[in-house]
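Visitor: I would like a tour of this protein chain, one question at a time. Where shall we start?

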Amino acid sequence: MERTYIMVKPDGVERGLVGEIIKRFEQKGYQLVALKLVSPTKQLLEEHYKDLKDKPFFPSLMTYMLSGPVVGMVWRGKDAVKTGRRILGETNPLASNPGTIRGDFCIDMGRNLCHGSDAVESAEREIALWFPSGVVEWDRKRVNSLIY
Ligand code: RTP
């Protein structure tokens with residue numbers, strides 16, 4: 001089963017949208033295997049966004065991401081990476097369809113509420129970065145049989 005790293009960004013936490021975002025992954029059928037509220041260090045965020053460090057928006061992205069606590073989580077299930085990003089919507093909320101999180105709850109690319117891993121390899125890298133002591137590998141065989 002695939003795993004993905006989903007993060008509620010500071011605006012999502014401050015606007016009280018953590019529950020809404022969790023709800024959408026839960027109701028789809030994905031399994032929550034890690035969850036934490038954390039005030040990330042600049043160093044952690046620079047590592048997380050290392051592929052973007054030369055982008056012109058990188059400084060404003062750092063300021064945004066350092067503006068408050070974030071909620072990091074790991075969701076597990078079939079095609080979790082790609083489908084997770086479809087649940088979030090497009091990077092630009094104005095290009096996001098209604099029914100997606102960004103399509104329903106935000107307007108600005110610099111305040112786009114959430115992050116989702118963009119590939120299986122980056123998901124595994126991000127999970128190791130944000131949850132270095134591992135995730136919960138609980139047995140959901142019975143519940144899984146309701147989903148798959
Ligand atoms: P994320 O990592 O947050 O899921 O976003 P993403 O893959 O859809 O987009 P990415 O290109 O990796 O950008 C990361 C975050 O940087 C902000 N951004 N601002 N002003 C801009 O042009 C711009 N472009 C990206 C967004 O917050 C985006 O989610």
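Visitor: What is the relative accessible area of Asp 79, and is this residue buried, exposed or partly exposed?
Guide: This is a predicted model: local features need pLDDT of at least 70, side-chain atom pairs count only at pLDDT 80 or more, and totals for chains, interfaces and linings use all residues. Residues are numbered from 1 along each chain as its sequence is written, and side-chain values use heavy atoms, with hydrogens and water left out. Buried means under 20% relative accessible area, exposed over 50%, and partly exposed in between (1.4 Å probe, protein chains only). Asp 79 is partly exposed, because its relative accessible area is 35%.

Visitor: Where in the chain is Asp 79 found?
Guide: Helices (H or I, at least four residues) and strands (E, at least two) are DSSP runs, numbered from the N terminus. Asp 79 is in neither kind of run here, but in the loop between E3 and helix H5 (80-88).

Visitor: What is the phi of Asp 79?
Guide: Most residues other than glycine have a negative phi. Asp 79 is not a glycine, yet its phi is positive, at about 60°.

Visitor: Leu 113 has a positive phi too. Is Leu 113 buried or exposed?
Guide: Leu 113 is not a glycine either, and its phi is near 70°. The residue sits in the loop between helix H6 (101-105) and E4. Its relative accessibility is 0%, so Leu 113 counts as buried.

Visitor: How many aromatic pairs does the structure hold?
Guide: A pair of aromatic rings is described by the distance of the centres and the angle of the planes. Rings of Phe, Tyr and Trp (its six-membered ring) pair if their centres lie within 6.5 Å; planes under 30 degrees apart count as stacked, over 60 as edge-to-face and the rest as tilted. A search of the whole structure gives a count of three.

Visitor: What kind of pair do Tyr 5 and Phe 131 form?
Guide: Their ring centres are 6.4 Å apart. The planes meet at 65°, and the pair is edge-to-face.

Visitor: How far apart in sequence are the parts that Tyr 5 and Phe 131 tie together?
Guide: Both residues are buried. Tyr 5 lies in strand E1 (residues 2-8), and Phe 131 in the loop between helix H7 (120-130) and helix H8 (141-147). The pair therefore ties together parts with a sequence separation of 126 residues.

Visitor: What kind of pair do Phe 25 and Trp 75 form?
Guide: Phe 25 belongs to helix H2 (residues 18-28) and Trp 75 to strand E3 (residues 70-77), so the pair links parts 50 residues apart in sequence. Phe 25 and Trp 75 are buried. The centres are 5.5 Å apart with 25° between the planes, and the pair is stacked.

Visitor: Which residue lies over the face of Phe 131?
Guide: Phe 131 shares one aromatic cluster with Tyr 5 and Trp 130. A charge sits over a ring if NZ of Lys or CZ of Arg is within 6 Å of the ring centre and within 35 degrees of the ring normal. Here, at 4.8 Å from the ring centre, the residue is Lys 36.

Visitor: What is the volume of the largest pocket?
Guide: On a 1 Å grid over the protein atoms alone, a cavity is a set of points where a 1.4 Å probe fits but cannot get out, and a pocket is an open set with protein on both sides within 12 Å along at least five of seven lines; lining residues have an atom within 4 Å of a point. Grid points are joined across faces, edges and corners, and a volume is the space filled by probe spheres set on the points. For the largest pocket, this comes to about 610 Å³.

Visitor: Which helix gives the most to the lining of the largest pocket?
Guide: The lining has 24 residues, and among those nearest the centre are Tyr 49 and Phe 57. Helix H4 (58-65), strand E4 (114-116) and H7 each supply at least two residues. With four residues, the top contributor is H4.

Visitor: How many residues of this pocket lining are charged?
Guide: Ala, Val, Leu, Ile, Met, Phe, Trp, Tyr, Cys and Pro count as nonpolar, Asp, Glu, Lys and Arg as charged, and the others, Gly among them, as polar. Seven lining residues of the largest pocket are nonpolar and nine are polar, while the charged ones number eight.

Visitor: Which residues does UniProt list for "binding site"?
Guide: UniProt positions are given in the numbering used here, feature names are shortened, and annotations may be inferred rather than shown by experiment. The unreviewed UniProt entry lists Lys 9, Phe 57, Arg 85, Thr 91, Arg 102 and Asn 112. From this set, the lining of the largest pocket takes in Lys 9, Phe 57, Arg 85, Thr 91, Arg 102 and Asn 112.

Visitor: What is the relative accessible area of Lys 9?
Guide: Lys 9 lies in the loop between E1 and helix H1 (10-14). Lys 9 counts as buried, because its relative accessible area is 5%.
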